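New to this one? Here is a quick tour to read with the model open beside you.

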Amino acid sequence: MSSPPGALRRRIFLRGAGAAALAFATGASAACTSAVHELDAAGDDATPVRGGTLKVGTPWDIVPANILTNTATTPAVIGLVYESLIRYPNDRLEPQPLLAKSWNLAPDGLSLALELRDDVTFHSGRPFTSADVEFALRTYADPKWSAQLKSTAAAITEYDTSAPHRIALKFAHPLGNIFDLLDTAPMLDRETIGQLATGDAFVGTGPFRFVDRIPNSRLVFERNEHYWVPERPYLDRVQLSIIPDSQAQLNALRSGQVGLAHGLNPRDIENLAARPGFKSITYDGAELQMYVGVNVRNPALADVRLRQAIAYALDRERIIEEVFRGAGYPLNVPWPRNSPAYDEARNTRYARDLGKARELVAQVGKPPQIPLSYNTSTPSHGATAQIVQANLADAGIDVTLDPNDDGTAVKKLIGGQYPGLWVTDHSWAQFVPSTLTVSAYPFNAHKNASHYESAAYVAAADAAWRRSGGTDGAAVSAYRAVSDQLLDGLFLIEIGVRFNQAAASKRLHGVSWTKRRETVLTEAFLS
C-alpha cells in the first residue's frame, strides 16, 4: 500500500535521469561553456551537482483562474511549487506516498483514512496539517475553479481533522477513482488563496518557491531551503520564459537561451535530437490523445450518421506518421494501451473507409460548410486540422479552418463554445478510466463541450465511477460499456495517442514528471 519516501524518490530519479530536461544554466555551476562533444560525453550516470539556474521555454503564460485545470503552463508551475497527497508511478495505477505516508481504504469503499507527514511546511513556514488537506479538497470541489475532478472531490461528504497529521474522509458512494483525485489535487495554502486567484502568489509545499512573475514574459522560482526531502532540490533557480512562437523556441534552444523547449513541433524535435548536445524527451505515462470534437447542437452535425462519416473518413495512420513522426498510434476509443479499459477490438470499428463515409453523407445530404477550429499555440494542432480538412473533403464534407489563440481555445472548450468541429488533444485517459467520463470537459457525461446528452451514457459513466475498485475485472466490464457508448454517440471522434514530447540540452539530468505532465525537478541537476 505504501513505501518509504526515499524509495519513491529514488524510483523517480532512476526513471527520470537522462530522460527529460529543463533548461540551460546560468550561475555558478553552469558558467562554463562546454564544447559540443563534452556535452555529449556527459552520461546519464553523471554525479549530481548543486546550484545553477534552469531556463525553460514554454509557449503559454500561466492563467491563474485555470490553476486547477491542467492547461497551458499550469503543469510546470504545479510541478515546481505544489505537491499532492500521493503519486502514481508513471507506468501503473498504484498510489505511492508523498505528503500522505500511508492510508486505509474501507472494504466497502465508503471511507478512507490517511496518515500525513509531520515534517512538511508551506513556503511561508506554516506547518502542513490535516486542516490544509480539507481546505485543498474543498477548494478543488468549488465550481469557480473549474477543476476537472471536482465531481469526485464533491462526493467527499465528511472530513475528520481532529488529529493534525491524520485525516479521515467519508464518501457519498464508492469512488473507483479516489486516488486519481489524491494524486491530482495540489495542497493549496489557505492563507494566500486570494493571491493565487490573481497570480500574485503561488504558495505550496514543493521543492521550489515562487518569487516573481512578469505576465507574458517569465515566471521565476527559487530553491525551497526548507524542503522536507533532505538536500533537495539541487538547483538554485528555475525560470520559465514565455515564447509563444515555435520557431523562436527552436532558435532559443539551439543558441542556449533555454535548455528545454516545450512548444516545438514533432519534426523539429526529431531533427534536433539527431544533433550533438541535444535530446528528445518522451513523457512516458503522460500520453495525450488527439481527437475531433463535435458540437452536436450544430444542425449539420446533429445526425449521428454524419458523425459516423467523419469517423470513417479520418486517416489516423497518416496523422500519426506525418504530424507526430510516428510517436503514437491510432485509436477509436480514448484509452491508451496501458489502460485497464484498452480494447483492441473496439479500436477497429471506424477504420478508414471512404466508401462508407461517402455513403453516409449521401444518406443525410451534403451539409453546409462547417467550421473546424484549432489552437494555434500548438503547431501539431494546425497540421492535424489540415489533414482532417482534406480527409473530410474526400468524403464530401467541406470544412473551413478556424484558428484560435490559446486563451480563446481553452475558453471555448471549457464553455462549450466551439461552433462546429474542433481539433485538439485530451488527457486523463491514462488515469482510472472513470475519471475521463465524469471529469474531463470533452467527455463529462453530465455536461460536456459537445452538448451531448444521453441517459445511457450517463448511466454507463456513473456505473463505472461508483465502484470501490478502479482496475478489477468488474471495472473492466464497466469500461467496455462506456466505450460502446462513446462509439455509438461519436460526439468525440478519436484520432490516436500522441506521446508528449519536448527537446532539451543534454546537460540536464534527473528530471521526472507526473502522469499529468507536471515536470518534477526535485532530483534535477546540471552536469
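What follows is a short briefing, sorted by topic.

Keep in mind that this is a predicted model. The chain has 17 helices and 24 strands. Its radius of gyration is 23 Å, close to the 24 Å that the globule rule gives for 527 residues, so the chain is as compact as a globular protein of that length.

**Overall build**

- Lined up along the principal axes, the C-alpha atoms fill a box of roughly 70 × 60 × 40 Å.
- Of the 527 residues in the chain, 61% are buried.
- Take the contacts with a separation of 6 or more: 73% of them are between residues 24 or more positions apart.
- About 18,900 Å² of the chain is exposed, and 49% of that comes from carbon and sulfur atoms.

**The nonpolar cores**

- The largest nonpolar core has 143 residues, and Leu-85 and Leu-421 have the most contacts inside it.
- Leaving out residues up to four places away in sequence, Leu-421 touches a long list of partners, including Val-292, Gly-293, Val-294, Leu-301 and Ile-310. Also among them are Ile-370, Pro-371, Leu-372, Leu-392 and Val-399.
- There is a second, separate core of 11 residues, and Leu-253, Val-258, Leu-264 and Phe-278 are among its members.

**An enclosed helix**

- Helix H3 covers residues 74-81, and eight of its eight residues are buried, so the helix is largely enclosed by the rest of the structure.
- If you want to find them, the buried residues of H3 run through Thr-74, Pro-75, Ala-76, Val-77, Ile-78, Gly-79, Leu-80 and Val-81.
- What covers them? Among the elements over the buried residues of H3 are strands S9 (208-214), S10 (218-223), S11 (237-242) and S23 (519-520).

**Aromatic rings**

- The structure holds 16 aromatic pairs.
- One of the pairs is Tyr-291 with Phe-443: the ring centres are 6.5 Å apart and the planes are at 55 degrees, so this pair is tilted.
- Tyr-291 is in strand S14 (residues 288-294), while Phe-443 is in the loop between helix H15 (434-439) and helix H16 (455-465), so the pair ties together parts that are 152 residues apart in sequence.
- Both partners are tucked away: Tyr-291 is buried, at 0% relative accessibility, and Phe-443 is buried too, at 1%.
- Elsewhere, ring pairs link Tyr-88, Trp-428 and Phe-431 into a cluster.
- Arg-337 has its charged end over the ring of Tyr-329, at 3.7 Å from the ring centre.

**Backbone oddities**

- As background, most residues other than glycine have a negative phi, and most peptide bonds are trans.
- Arg-232 and Pro-233 are joined by a cis peptide bond, with omega at about -5 degrees. Look for Pro-233 in the loop between S10 and S11.
- Glu-231 is also in the loop between S10 and S11. Glu-231 is not a glycine, yet its phi is positive, near 65 degrees. With 54% relative accessibility, Glu-231 counts as exposed.
- His-451 sits in the loop between H15 and H16, and it has a positive phi of about 60 degrees although it is not a glycine. At 22% relative accessibility, His-451 is partly exposed.

**Two helix residues to look up**

- Ser-483 is in helix H17, which covers residues 473-489. Buried or exposed? Ser-483 counts as buried, at 1% relative accessibility.
- Setting aside residues up to four places away in sequence, Ser-483 touches Val-333, Trp-335 and Arg-346.
- Val-364 belongs to helix H12 (residues 354-364). Val-364 is partly exposed, with a relative accessible area of 29%.
- Val-364 and Leu-306 are 58 residues apart in sequence, but their C-alpha atoms are 7.0 Å apart in space.
- Not counting residues up to four places away in sequence, Val-364 touches Leu-306, along with Asp-303 and Arg-305.

Definitions and conventions: Residues numbered from 1 in each chain as written. Predicted model: local features only at pLDDT ≥ 70, side-chain atom pairs only at ≥ 80, totals over all residues. Heavy atoms only, no water. Phe/Tyr/Trp six-rings, centres within 6.5 Å; stacked < 30°, edge-to-face > 60°. Helix = DSSP H or I, 4+ residues; strand = E, 2+ residues; numbered from the N terminus. Buried < 20%, exposed > 50% of the residue type's maximum accessible area, 1.4 Å probe, protein only. Lys NZ or Arg CZ within 6 Å of the ring centre and 35° of its normal. Rg over C-alpha atoms; globule rule 2.2 N^0.38 Å. Contact = heavy atoms within 4.5 Å. Areas by Shrake-Rupley, 256 points an atom, 1.4 Å probe, with all protein chains shown as cover. Core = buried A, V, L, I, M, F, W, Y, C linked by side-chain atoms within 4.5 Å.
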